[in-house]
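Please examine the model shown below together with its sequence. The paragraphs that follow treat its internal spaces, its ligand and its domains in turn.

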Amino acid sequence: MLGLMQSQPLLISNLITFAERHHGDAQIVSRRVEGDMHRYTYRDAAQRSRQVARALDGLGLAFGDRVATLAWNGYRHFELYFGVSGSGRVLHTINPRLHPDQIAWIANHAQDEVLCFDLTFLPIVQAICGKANIGHYIALCEADQLPQDSGIPGLRSYEEWVGGCDDRYDWPTFDENTASSMCYTSGTTGNPKAALYSHRSTLLHAYGAALPDAMGLSARDAVLPVVPMFHVNAWGIPYSAALTGAKLVFPGPGLDGKSVYELLEAEQVTYAAGVPTVWQMLLTHMKPTGLRFSSLKRTVIGGSACPPAMISAFRDDYGVEVLHAWGMTEMSPLGTVCTLKNKHLGLGEAEQMKIRLKQGRAVFGVDMKIVGDDGIELPWDGKTFGNLLVRGPWVLGQYFKGEGGDPLQGGWFPTGDVATIDADGYMQITDRSKDVIKSGGEWISSIDIENLAVAHPAVAMAACIGMPHPKWDERPIVLVVKRPGAEVTREELLAFYEGKIAKWQIPDDVVFVESIALGATGKILKTRLREQLKGYRLPGL
Ligand code: AMP
């Protein structure tokens, strides 16, 4: 017997329609590429999203056609999120930090029909337009800002393209399993592969992410997604914000500490989200001048491990709660968020901190387990580590065009991360499986080594990698960027590890460097570091 409730597909257009009807006057504020601030409301955004849908009809785009973006976080990008997907086309957000050749490859692989881009990225578009088979180029600007003689065929301005369209439009109803958006993984080896999200997966993720023990967004929040809309849909925040009616604050290209701080204060942001490197820049900006937050209460940090020193700095120095979160492109991205349970509330600060450092508990909708190399499930004791596998309605089933064959193992998606899970279900990432250091049959977590290094006051950034060793197989070394004006020697840093980890886990060497290469999504590029260290020999070898 079937239930007798209404059957309505879960569609992305429902989100913007809801936001318009129930939070019509809630604000969306954007720092524009032009340098000024732009303000409008969900009502305006909904209206312009419908105009986008009409403009796509005007180009003759079919259902399922791909519309790409190369854009910062801003209101026009937000309109495309809803106008493109809502009208049944697929939004393809491209990461502008990739090499132009890779971008051209991705655009052709995705068969993008349209590319909408911020003027910042004009040189990239000029570099790819001869190589990519894209039919329509749209610059996200006013008609009078359109670059002349750009060499880009048929270039039009977004405002001219969308502005003249009728804003009356009935969002189509279709199967909720229809593709809505896509995102290519950073892929350190081989060609990038795309996760193809559906309306259903996106809406369920938006519900899950908004839960109090997940991102916990509400209509009382003013949220600043520093995490880019070109990387896993800014962790789904544009959707969760529309679902809750939270005020949205978009940083545009201004991701440096000063710009982020000014925006947090000017817009009285209560809630922010980003990768550790962005927050490091913010804290570095604030510390010397003694700046304080007047409104910020919580910040979600994920994308790579959040160093304990950062969680403490936000908490102890600024009274801001850090929500450590973990996820990946293939998971839309949210998997776990670290929040305490009722039984932890009576624990002392130090005991609570041990929990907060972990990547957290699964959000309902994500199931996870750890397995050994033999595929057998390992215990949840907080000590045993194994390959982390996940499943759920917003977890990838296969890559776009079936690239890479069947990625699942018995219905579970292998994340490529190595983790422990404790008896309370708190997961802690030890490493990417390819970064974990295998020394004398034991494993050393490169994340632990890096976290300890950045806890030293003279260290700005650290990266730990394993170097081949004839006896031990691999031994860890740590590359360190010093804080400006700060001093620390190799011996002092190695001594700093003593008593904090087992002796055999202490790195064999410290290599001081000017900078550490970051990949397109802000993660340390260990492949590049290994190349740089070709010819390096461990001390004593
Ligand atoms: P991406 O698909 O580019 O978002 O990368 C996902 C990967 O980033 C995960 O598989 C993890 O290896 C890493 N990652 C994400 N969040 C965290 C975190 N909080 N701690 C450690 N690693 C993380």
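In this predicted model, the second largest cavity holds about 100 Å³ of space. Its lining comprises 14 residues, and those nearest its centre are Asn-95, Leu-98, Cys-183, Tyr-184 and Phe-230. Strand 4 (90-93) and strand 8 (179-184) each contribute at least two residues to this lining. By class, the lining of the second largest cavity contains six nonpolar and eight polar residues, with no charged residues.

The search of the whole structure yields four cavities of 30 Å³ or more. The largest cavity has a volume of about 130 Å³. Fifteen residues line the largest cavity, with Val-33, Gly-74, Tyr-75, Arg-76 and Asp-118 nearest its centre. Two elements, strand 1 (27-31) and helix 3 (75-86), give two or more residues to that lining, and helix 3 gives the most, with three. The lining of the largest cavity divides into five nonpolar, five polar and five charged residues.

Attention now turns to the ligand. Around the ligand stand 17 residues, of which Ala-325, Thr-329, Gln-359, Asp-417 and Arg-432 come nearest. An oxygen atom of the ligand lies 2.6 Å from a polar side-chain atom of Thr-329. For Arg-432, a side-chain N or O atom is 2.7 Å from a ligand oxygen, and for Lys-523 the corresponding distance is 3.1 Å. The ligand taken alone exposes 500 Å², of which the protein buries 93%. Strand 14 (residues 321-327) gives the most to the surrounding shell, with four residues. This shell consists of four nonpolar, ten polar and three charged residues.

Finally, the domain assignment of the protein chain gives domain 1 (7-19 + 38-198 + 226-236) and domain 2 (438-532). Their centres, taken over C-alpha atoms, are separated by 40 Å.

Conventions
Residues numbered from 1 in each chain as written. Predicted model: local features only at pLDDT ≥ 70, side-chain atom pairs only at ≥ 80, totals over all residues. Heavy atoms only, no water. Domains from an automatic or database assignment. Near = heavy atom within 4 Å. Polar contact = N/O pair within 3.5 Å; in protein donor to acceptor, adjacent residues only side chain to side chain. Areas by Shrake-Rupley, 256 points an atom, 1.4 Å probe, with all protein chains shown as cover. Nonpolar A, V, L, I, M, F, W, Y, C, P; charged D, E, K, R; others polar. 1 Å grid on protein atoms, 1.4 Å probe; cavity = no way out; pocket = protein on both sides within 12 Å on 5 of 7 lines; lining within 4 Å. Points joined across faces, edges and corners; volume = space filled by probe spheres on them.
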